[in-house]
Amino acid sequence: MIEFLNDKSWLTYLKDEFQKDYMRELSEFLNSEDGEIFPKREEFFSALNLTPLEKVKVVILGQDPYHGEGQAHGLSFSVNKGVKIPPSLRNIYKELNEDLGVEVPEHGFLEEWAKEGVLLLNNCLSVRKAQAGSHQKKGWEKFTAKIIEVINEQCENVVFILWGSPAQKKGKNIDESKHLVLKSVHPSPLSSYRGFFGSKPFSKANAYLIENDLKPVSWEITN
């Protein structure tokens, strides 16, 4: 799988992971899968390839890739253009509009955020078609925990946006003396009205970056 990770800054800290037993076992599991896997293998590490380690300003942690046809492309909460915007992302857009007055995009393709320094990382980086959670506990969680560890140790003044209890558990070891951790309930329609709306993560993230002499994120997305 290492051939799909192209960014040298991440490879410096992650290449040894690919030699560990858990990643070998994960690779064997993925190779044994008969059905369709999302996203495409060459997109497993899109978040890392689009957002080099030294450019990470914000981390938005998701859970599984979308498991519907044509949706997932390797960035958390993002879907390919031409695909219906999922409910959680619609709520993210609604909060973004309320928080910063950013116009709600007509699509759900978040690559512009990734290029702005927003690492859109899922807890698991693959899923079987139409089977949510089908690749959990196969090894991805250890790998993505290593990514969080690398950011925590090698970077300073990163904003971690953790929506929902699984993301917050994943980020429990983040050093809050050198990073900002923003927590709220998940933007899912099931929980968004219990504290996601009005949490203002986007303006809080930018205020923190500015306070630390860093360029704020441009959250606007081109239609």
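## The second largest pocket

A145, I148, E149, N152, K169, K170, K172, N173 and I174 line the second largest pocket. Two elements each give two or more residues to this lining: α6 (140–154) and α7 (165–170). Helix α6 supplies the largest share, with 4 residues. The structure is a predicted model.

By class, the lining of this pocket holds 4 charged, 3 nonpolar and 2 polar residues. The volume of the second largest pocket is about 180 Å³.

## The largest pocket

Rolling a probe the size of a water molecule over the atoms shows where empty space is left. The largest pocket has a volume of about 360 Å³. It is lined by 22 residues. Closest to its centre are Q63, D64, P65, Y66 and H186.

What classes of residue make up the lining of the largest pocket? Polar residues number 12, nonpolar residues 9, and charged residues 1.

## A salt bridge within helix α6

The model has 6 salt bridges. One of them pairs K146 with E149. Their closest N and O atoms are 3.2 Å apart. Both residues sit in helix α6, 3 residues apart, so about one helical turn separates them.

E149 also belongs to the lining of the second largest pocket. Is E149 buried, exposed or partly exposed? Its relative accessibility is 36%, so E149 counts as partly exposed.

## A salt bridge across the sequence

R128 and E33 meet through their side chains in a salt bridge, at 2.7 Å from N to O. Where do the two partners lie? R128 is in strand β4 (residues 127–128), while E33 is in the loop between α2 (21–32) and β1 (37–38). The pair therefore ties together parts that are 95 residues apart in sequence.

The two partners fall into separate accessibility classes. R128 has a relative accessible area of 21%, so it is partly exposed. E33 has a relative accessible area of 15%, so it is buried. The cut-off for buried is under 20%.

## Another pair and a network

K20 forms a salt bridge with E17. The closest N and O atoms of this pair are 2.8 Å apart. K20 counts as partly exposed, at 39% relative accessibility. E17 counts as buried, at 5% relative accessibility.

K146 and E149, described above, form a salt bridge too. Elsewhere, salt bridges that share partners join E36, E69 and K129 into one network.

## Cysteines

How many disulfides does a search of the whole structure find? The search finds 0. Two cysteines can still be placed by their accessibility. C124 is buried, with a relative accessible area of 1%. C155 is buried as well, with a relative accessible area of 9%.

## The annotated domain

An unreviewed UniProt entry places a domain feature, "Uracil-DNA glycosylase-like", at residues 49–209. Helix makes up 32% of this span, and strand makes up 14%. The end C-alpha atoms of residues 49–209 lie 22 Å apart.

Terms used
Residues are numbered from 1 along each chain as its sequence is written. This is a predicted model: local features need pLDDT of at least 70, side-chain atom pairs count only at pLDDT 80 or more; totals for chains, interfaces and linings use all residues. Side-chain values use heavy atoms; hydrogens and water are left out. On a 1 Å grid over the protein atoms alone, a cavity is a set of points where a 1.4 Å probe fits but cannot get out, and a pocket is an open set with protein on both sides within 12 Å along at least five of seven lines; lining residues have an atom within 4 Å of a point. Grid points are joined across faces, edges and corners, and a volume is the space filled by probe spheres set on the points. Ala, Val, Leu, Ile, Met, Phe, Trp, Tyr, Cys and Pro count as nonpolar, Asp, Glu, Lys and Arg as charged, and the others, Gly among them, as polar. A disulfide is a pair of cysteine sulfur atoms within 2.5 Å. Buried means under 20% relative accessible area, exposed over 50%, partly exposed in between (1.4 Å probe, protein chains only). A salt bridge is a side-chain nitrogen of Lys or Arg within 4 Å of a carboxyl oxygen of Asp or Glu. UniProt positions are given in the numbering used here, feature names are shortened, and annotations may be inferred rather than shown by experiment.
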